[in-house]
Amino acid sequence: MMEHNLFVLVDLLGTFAFAVSGALAAGQRRLDLFGVLAISYLTACGGGFVRDLCLGSLPPVAISDWRYLATSALAAGMAIWARPVIEHLRHPIVFFDALGLGFFAVIGAHKALLFGHNVEVAIILGMVTAVGGGVARDVMLNRVPIILEKEIYAVAALVGSATQVLGQLMEWRLAVTPWLGALICVAIRLLSLRYSWRLPVVRRRDVAE
């Protein structure tokens, strides 16, 4: 019971963080209230929808558990109300997006293992859970998804989910594993932006060559 409650908390924290990033991004595009709420919910729960469909966990928890919709709406409302304060952060969308990335990488990997899947499936679904909402947000707002850019994004999620899987296989303390996995993912994401770490770019050869 304690384990279940802990991972529900981690999942709701990720939902809150991604919902804030979605609401802020929608606000920048000057969408109306419904648009902001819709993008916020899609950003917060998009990855979880894909994960649960892959696992056969139906209906997806994002629509079967009222807490996810409530958390998303609360986060969107706070983002709208406290927008002048939030925008004093240097890059608020990036910051909350990184937090959501870390929490969801952990919860996606954990849920896959809980359903009896192997290490590879757990790590991949951890990444899918983490990046799915951001991809949906960017597509709806007509932006190139971050995962397709040269920034380190999916790799950070992979490392975070791999840390969670390793922790569960090695039977690390429950109070440490999810927070460590999320922290490592967030740190990689933010440090990559701070120091401009990039993945190699595939360049087209010059026609003359």
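What follows is a walk through this predicted model, helix by helix and contact by contact.

Let's start with helix H2, which covers residues 33-55. It has 23 residues and reaches 33 Å from its first C-alpha to its last, close to the 33 Å expected at 1.5 Å a residue. That end-to-end figure doesn't tell the whole story, though: H2 carries a kink of about 45 degrees, and the kink is centred on Cys45. Have a look at both ends of the helix too. At the N-terminal end, Asp32 acts as the cap, with a side-chain oxygen placed 3.3 Å from the backbone nitrogen of Phe34. Past the other end comes Gly56, and its phi is positive, near 75 degrees.

Keep going along the chain and you reach the loop between H2 and helix H3 (61-64), where Pro59 is found. The peptide bond joining Leu58 and Pro59 is cis, with omega at about -10 degrees.

Back to Cys45, the residue at the centre of the kink. Cys45 is buried, since its relative accessibility is 3% and the cut-off for buried is under 20%. Does that sulfur have a partner, or is it free? The closest cysteine sulfur belongs to Cys54 and is 16 Å from that of Cys45, so the two are too far apart for a bond. Cys185 is in a similar spot: the closest cysteine sulfur to its own is the one in Cys45, 18 Å off, which is again too far for a bond. Cys185 is buried as well, with a relative accessible area of 0%. With a cut-off of 2.5 Å between sulfurs, the disulfide count comes to zero.

Now for the charged side chains. Side chains of opposite charge can pair when their charged atoms come close. How many salt bridges does the structure hold? The count is seven. One of them brings us back to H2: the side chains of Lys111 and Asp52 meet with 2.9 Å between N and O. This pair links distant parts of the chain, because Lys111 sits in helix H6 (residues 92-114) and Asp52 in helix H2, 59 residues apart. Are these two partners buried or exposed? Lys111 is buried, at a relative accessible area of 14%, and Asp52 is buried too, at 0%.

Another salt bridge joins Arg137 and Asp138, whose side chains meet at 3.1 Å, N to O. Both Arg137 and Asp138 are buried. This pair also belongs to something wider: Asp97, Arg137, Asp138 and Arg143 are linked in a network of salt bridges.

A further bridge runs between Glu151 and Arg189, with the closest N and O atoms 3.0 Å apart. Here too the pair links distant parts of the chain: Glu151 is in the loop between helix H7 (119-140) and H8, while Arg189 is in helix H9 (residues 177-194), 38 residues apart. The two ends of this bridge don't share a setting. Glu151 is partly exposed, with a relative accessible area of 24%, whereas Arg189 counts as buried at 2%.

H8 itself, residues 154-169, is the home of Gln164. This glutamine is buried, with a relative accessible area of 1%. What does Gln164 touch? Leaving out residues up to four places away in sequence, the contacts are Phe7, Val106, Ala109, His110, Thr177 and Pro178. Two of these, Val106 and Ala109, fall within the residue range 92-114 of helix H6.

Last stop: two spots in the backbone that are worth a click. Arg30 has a positive phi of about 55 degrees although it is not a glycine. You'll find Arg30 in the loop between helix H1 (2-28) and H2, and its relative accessible area of 75% makes it exposed. Glu171 is the other: it also has a positive phi of about 55 degrees without being a glycine. Glu171 lies in the loop between H8 and H9, and at 68% relative accessibility it counts as exposed.

Key
Residues numbered from 1 in each chain as written. Predicted model: local features only at pLDDT ≥ 70, side-chain atom pairs only at ≥ 80, totals over all residues. Heavy atoms only, no water. Helix = DSSP H or I, 4+ residues; strand = E, 2+ residues; numbered from the N terminus. Buried < 20%, exposed > 50% of the residue type's maximum accessible area, 1.4 Å probe, protein only. Contact = heavy atoms within 4.5 Å. Expected span 1.5 Å × (residues − 1). Bend = angle between axes of the 7 residues up to and from the residue. Polar contact = N/O pair within 3.5 Å; in protein donor to acceptor, adjacent residues only side chain to side chain. Salt bridge = Lys/Arg side-chain N within 4 Å of Asp/Glu carboxyl O.
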